[in-house]
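The exercises below are meant to be worked with the sequence and the coordinates open side by side. Each gives a task and then a solution in steps.

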Number of protein chains: 2
Amino acid sequence: MAEAAPQTEGNEARRRAMLQAAAELISERGYGDTRIADVAKRAGTSSGLVIYYFGTRDRLLVDALRFSEESYYDAASRLLDEQRDFRRRLSMLVEWSCVPELPGEVHGSWGLWLDLWSTALRHPEVREARVELDSRWRDLVERIVREGQESGDVRADVGTRRFALSFTVVLDGLSTQVALDDPEITSDLAHDIAMEYAEHELGLAKGPRRLKPRKR
Amino acid sequence: MAEAAPQTEGNEARRRAMLQAAAELISERGYGDTRIADVAKRAGTSSGLVIYYFGTRDRLLVDALRFSEESYYDAASRLLDEQRDFRRRLSMLVEWSCVPELPGEVHGSWGLWLDLWSTALRHPEVREARVELDSRWRDLVERIVREGQESGDVRADVGTRRFALSFTVVLDGLSTQVALDDPEITSDLAHDIAMEYAEHELGLAKGPRRLKPRKR
DNA sequence: AGCGTTTGACTGACTGTTCAATCTAACGAG
DNA sequence: CTCGTTAGATTGAACAGTCAGTCAAACGCT
């Protein structure tokens, strides 16, 4: 079997190109319908080389899922740091869940989540990666809330972890519906539901539903 | 191509057997990894006949998903009718979402939902079926709430549709985590989150978290 | 030369679908 | 009642396409 291999620096770029290509293809066609040859073509190499790098199709795809989600959190984390206003921060979290496309992130990471979930159901490797990724996502939310408490925006008696858990769950549910383009759960409604939930749970003063005017 | 075919009554039994087998296999192995030959073997027929009945693998699997979800709602609807107490009814809804296995339902319909979602992302047929199924599920929840208003358990000013939408979204998110066996979102926690949400939104008197003692 | 990297042709296994042949049961004419 | 006819149901094998993974040869650094 082809042993996973290279460590030089030029190779790292090629590796990333393959992961990027794989992530894109998974989100376009789904995990099961992503072929090695397609990944190779989009990354501008040969399928033999893809196997040379990753050893097996499953490992390639699993790594691609991880790569994509990681770049998502990195981008999210960076953008949050640029904004100190608590309400605005909260709105950002909601926005990302209910309207796709985060700058710097892999294109169309929406389908990726749903695919990640159904794949995790059967692949232990993916299951563990998902748990880890989700925990990191919750940490991020928790951190924001805790900083909200420090700045006095959030009631001090809120259990931050518990809130992070339930809030991310709500966001999961909403984003699923939005991703599946459900006719009843529009992007706007999803935003409202999430913000109302947070306002109630955190004891926030009720504010405008959206900071920027609705796109129409 | 093989045109979908038979109309006699004895055939209906065989048809159901194939759908049942397919649904089981999808939930075990996933949509993409379910082979016609396997479905045929489990249903006790030949793969040729499966194609004879459904014309194509995709149609078979799509029909199987629909079949499974329909039997789920039928069972749910029946069980709800046997129970008139509002709080108990609510608890049943939550229980079904956070702990699998509904009597009379296809085994392990959990994986099916996640697979349904990721498949719906790419297959228009499945997407429409999902929308329809979800709408039916929300109708069920809405009906329960409206009856709760009539019996005086639920505040009269609650928007029933809006609640049905947001509540089912919460249940979706919770059931996803439970299905994926997330270490932080235990079945008990999921139950608490859902009930608290409902209590607040519906203006219910706070009650015991669970009616039956926790399984340990 | 020597090494890691890269290629792309190739293989071997798998699987959806087709198809000709067989079986079953209902039916109607004699 | 019986037997040939027929239409639908069922089978099993063959077909044709697809793809993950292998391999021997070529490449291009150092």
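**Exercise 1.** Determine how the side chains of Arg84(A) and Glu147(A) are paired, and state which parts of the chain the pair links.

*Solution.* Begin with the distance: in this predicted model, the N to O separation between the side chains of Arg84(A) and Glu147(A) is 3.7 Å. Since a salt bridge requires a side-chain nitrogen of Lys or Arg within 4 Å of a carboxyl oxygen of Asp or Glu, the pair of Arg84(A) and Glu147(A) counts as a salt bridge. Next, place the two partners: Arg84(A) sits in the loop between α4 and α5 (86-98) of chain A, whereas Glu147(A) belongs to helix α7 of chain A, so that distant parts of the chain, 63 residues apart, are linked. Over all chains, the same rule gives a count of 48 salt bridges.

**Exercise 2.** Locate Ser77(A) and find which residues, beyond its neighbours within four places in sequence, are in contact with it.

*Solution.* First assign the element: Ser77(A) lies in helix α4 of chain A, which covers residues 57-81. Then, leaving aside neighbours within four places in sequence, the contacts of Ser77(A) are Leu140(A) and Arg143(A). Finally, check the backbone: the C-alpha atoms of Ser77(A) and Leu140(A) are 7.4 Å from one another, although 63 residues separate the two along the chain.

**Exercise 3.** Describe the interface of chain A and chain B, going from its extent to its polar pairs and then to the elements involved.

*Solution.* Start with the extent: 43 residues of chain A touch 43 residues of chain B, and the area buried between the two chains is about 3,500 Å², with 58% of it given by carbon and sulfur atoms. On the side of chain A, the residues that lose the most area to chain B are Arg122(A), Arg162(A) and Leu180(A), which together account for 18% of what that side buries. Turn then to charge: 12 salt bridges are counted between chain A and chain B, one of them joining the side chains of Arg138(A) and Asp182(B) at 3.1 Å, N to O. Polar contacts across the interface amount to 24 residue pairs, both residues being at pLDDT 80 or more. As for the elements, α1 (9-29), α6 (109-120), α7 (124-150), α8 (160-179) and α9 (187-202) of chain A each give two or more residues to the side that touches chain B, and α8(A) gives the most, with 12 residues. By class, that side of chain A has 17 nonpolar, 10 polar and 16 charged residues.

Key. Residues are numbered from 1 along each chain as its sequence is written. Chains are lettered from A and ligands numbered from 1 in the order in which they are written. This is a predicted model: local features need pLDDT of at least 70, side-chain atom pairs count only at pLDDT 80 or more; totals for chains, interfaces and linings use all residues. Side-chain values use heavy atoms; hydrogens and water are left out. Contact means heavy atoms within 4.5 Å. Buried area is the accessible area (1.4 Å probe) that two parts lose on being put together, summed over both. A polar contact is a pair of N or O atoms within 3.5 Å; within protein, one must be able to donate a hydrogen and the other to accept it, and residues adjacent in sequence count only if both atoms are side-chain atoms. Ala, Val, Leu, Ile, Met, Phe, Trp, Tyr, Cys and Pro count as nonpolar, Asp, Glu, Lys and Arg as charged, and the others, Gly among them, as polar.
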